[in-house]
Every structure is written in structure tokens, then in C-alpha cells.
Amino acid sequence: MRIVVSTLACAALLLATLALGAQEPVQAMEDKGPEHHIQYLPGEIEWRDGPGSLRAGAQFAVLEGNPAEPGVFTMRLKLPDGFHISPHWHPGVERVTVLSGMFLLGPGETLDKDAATRLEPGSYVSMPPGMRHYALAEGETVVQLTSIGPWQINYVDPADDPRLQGQ
């Protein structure tokens with residue numbers, strides 16, 4: 001009797017899952033990995049000014065993939081002491097690992113250093129799509145970001161968007 005009830009419960013759960021899945025199709029992104037082995041020693045990373053979506057002073061290096069195209073990518077951001085990223089959000093998940101310095105990360109639509117969490121080297125955070133947040137750097141800070149492109153940053157206040165400065 002227990003086996004029959006368990007089997008019926010499993011079947012009902014499977015049917016409910018399939019019915020829900022039929023209402024909202026999920027687009028799966030398969031991570032096939034790089035075409036070849038990728039390896040960087042610290043001195044081999046090529047830092048460039050930008051990206052243009054951040055205020056002047058930031059540098060970045062793309063380690064794998066292309067943030068502007070669909071697919072998995074990994075990049076690093078190097079932020080000078082005192083640098084801040086105004087409140088913003090991303091349409092995709094954002095996964096951040098702190099490699100050096102002190103990265104202050106806070107939730108919400110208003111930059112509040114006192115409400116930010118101090119993330120020391122080795123810290124990791126994963127933020128869901130649409131989460132409003134901001135960041136500050138104490139000391140030169142390097143973070144590694146992994147996500148799925150195309151990567152976008154949307155500022156809560158458009159006046160904070162460096163891409164719109166001078167327009």
C-alpha cells in the first residue's frame with residue numbers, strides 16, 4: 001500500500017512539474033567551456049581602462065568568453081581606493097569573488113556605506129537578476145565577476161550612468 005501511495009505521489013508531482021514547465025518555458029544555457037585550455041598567471045592579465053559603464057578610474061580584464069555576447073564569461077574589475085559604483089541592477093545573475101582589497105556591497109537604491117557588507121578577499125556573493133545594489137572599494141580592490149552575457153548594468157538614477165555623461 002505504501003508503495004502505491006508513494007508511486008502516485010511521485011506521479012502527481014511529476015505531472016504538476018511538467019504542467020508548470022509548459023506554462024513557462026525555461027531556456028537552458030549549456031556551458032560547453034572554452035575551446036582550449038585557458039590559464040593566466042597574475043602578470044599575464046591584460047588590464048584595460050573601463051568598462052565604459054563604470055566611472056573613470058576602473059580597469060577590467062576579460063578572462064573567458066565575451067560579456068557582450070550570449071554565453072558564460074568571466075572578467076575582473078580593478079577598482080582604485082575610494083571608487084564607488086552607484087546603485088544599479090543587472091538583468092542576469094551576478095557572481096562576484098573578492099580577490100584583493102575590501103569590497104563593500106550594499107542592497108538597495110540608495111548608496112549607504114554604513115549599510116554595506118564588508119567583503120574581504122576570499123568572499124563570494126551571488127545576486128539574483130534585478131537586485132538593486134551598489135559597491136565601494138577600500139584600498140585598491142580586485143573582484144572577479146562571472147555571469148552569462150550579454151552583460152548589462154542599469155543605473156537606478158540615469159544621471160549616475162557614465163555612458164550618458166555629456167549627452
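Among contacts in the protein chain between residues at least 6 apart in sequence, what percentage join residues at least 24 apart? The figure is 68%. Keep in mind that this is a predicted model, and that every value below is computed from it.

**The overall layout**

The protein chain has 1 helix and 9 strands. Going along the sequence, the helix comes before the strands, in the pattern α-β-β-β-β-β-β-β-β-β. The chain runs to 167 residues, and 31% of them count as buried.

**The nonpolar cores**

Let's start inside. The largest nonpolar core is made of 23 residues, and Leu54, Leu79, Ile85 and Phe103 have the most contacts inside it. Strands β3 (71-79), β5 (94-107), β7 (124-127) and β8 each give two or more residues to this core. Apart from it sits another core of 5 residues, including Met102, Leu104, Tyr134 and Leu136. As background, nonpolar side chains in soluble globular proteins tend to be buried together.

Leu54 is a handy residue to click on. If you skip residues up to four places away in sequence, Leu54 touches Leu77, Phe83, Ile85, Ile153, Tyr155 and Pro162.

**Enclosed spaces and open pockets**

The structure holds 2 cavities of 30 Å³ or more. In the largest cavity, 17 residues make up the lining, and Leu77, Ile85, His88, Glu94 and Phe103 lie nearest its centre. Strands β3, β4 (84-89), β5 and β8 each give two or more residues to that lining. Ile85 and Phe103 turn up again here: they are among the residues nearest the centre of the largest cavity, and they are also among those with the most contacts inside the largest core.

The second largest cavity is lined by Leu54, Arg55, Phe83, His84, Ile85, Ser86, Tyr155, Asp160 and Pro162. Strand β4 gives the most to this lining, with 3 residues. Leu54 is part of the lining, and its contacts Phe83, Ile85, Tyr155 and Pro162 line the second largest cavity too.

Now for the pockets. The largest pocket is lined by 16 residues, and the closest to its centre are Gly33, Pro34, Glu64, Gly65 and Val72. Around the second largest pocket you'll find Arg48, Pro51, Phe60, Val62, Asn66, Pro67, Ala68, Met75 and Trp151.

Here are the four spaces with their volumes and the classes of their lining residues.

| Space | Volume | Lining residues by class |
|---|---|---|
| Largest pocket | about 310 Å³ | 5 nonpolar, 5 polar, 6 charged |
| Second largest pocket | about 150 Å³ | 7 nonpolar, 1 polar, 1 charged |
| Largest cavity | about 140 Å³ | 13 nonpolar, 3 polar, 1 charged |
| Second largest cavity | about 40 Å³ | 5 nonpolar, 2 polar, 2 charged |

**His133 and Glu94**

Is His133 buried or exposed? His133 counts as buried because its relative accessible area is 3%, and the cut-off for buried is under 20%. This histidine is found in strand β8. Its side chain makes a polar contact with the side chain of Glu94, at 3.0 Å. Glu94 is also one of the residues nearest the centre of the largest cavity.

His133 has plenty of other company. Leaving aside neighbours within four places in sequence, it is in contact with Ser86, Pro87, His88, Trp89, His90, Glu94, Leu105, Gly106, Pro107, Gly108 and Met127.

**Prolines worth a look**

Most peptide bonds are trans, but two bonds here go the other way. The peptide bond from Gly50 to Pro51 is cis, with omega near 5 degrees. Pro51 is found in the loop between β1 (48-49) and β2 (59-64), and it also helps line the second largest pocket. The bond joining Gly149 and Pro150 is cis as well, with omega about 0 degrees. Pro150 is found in the loop between β8 (133-149) and β9 (154-155).

Pro128 is another proline to find, in the loop between β7 and β8. Why does Pro128 count as partly exposed? Its relative accessible area is 47%, so it falls between the 20% cut-off for buried and the 50% cut-off for exposed. Pro128 and Arg95 are 33 residues apart along the chain, and their C-alpha atoms are separated by 8.9 Å.

Definitions and conventions
Residues are numbered from 1 along each chain as its sequence is written. This is a predicted model: local features need pLDDT of at least 70, side-chain atom pairs count only at pLDDT 80 or more; totals for chains, interfaces and linings use all residues. Side-chain values use heavy atoms; hydrogens and water are left out. On a 1 Å grid over the protein atoms alone, a cavity is a set of points where a 1.4 Å probe fits but cannot get out, and a pocket is an open set with protein on both sides within 12 Å along at least five of seven lines; lining residues have an atom within 4 Å of a point. Grid points are joined across faces, edges and corners, and a volume is the space filled by probe spheres set on the points. Ala, Val, Leu, Ile, Met, Phe, Trp, Tyr, Cys and Pro count as nonpolar, Asp, Glu, Lys and Arg as charged, and the others, Gly among them, as polar. Helices (H or I, at least four residues) and strands (E, at least two) are DSSP runs, numbered from the N terminus. A nonpolar core is a set of buried Ala, Val, Leu, Ile, Met, Phe, Trp, Tyr and Cys residues joined through side-chain atoms within 4.5 Å. Buried means under 20% relative accessible area, exposed over 50%, partly exposed in between (1.4 Å probe, protein chains only). Contact means heavy atoms within 4.5 Å. A polar contact is a pair of N or O atoms within 3.5 Å; within protein, one must be able to donate a hydrogen and the other to accept it, and residues adjacent in sequence count only if both atoms are side-chain atoms.
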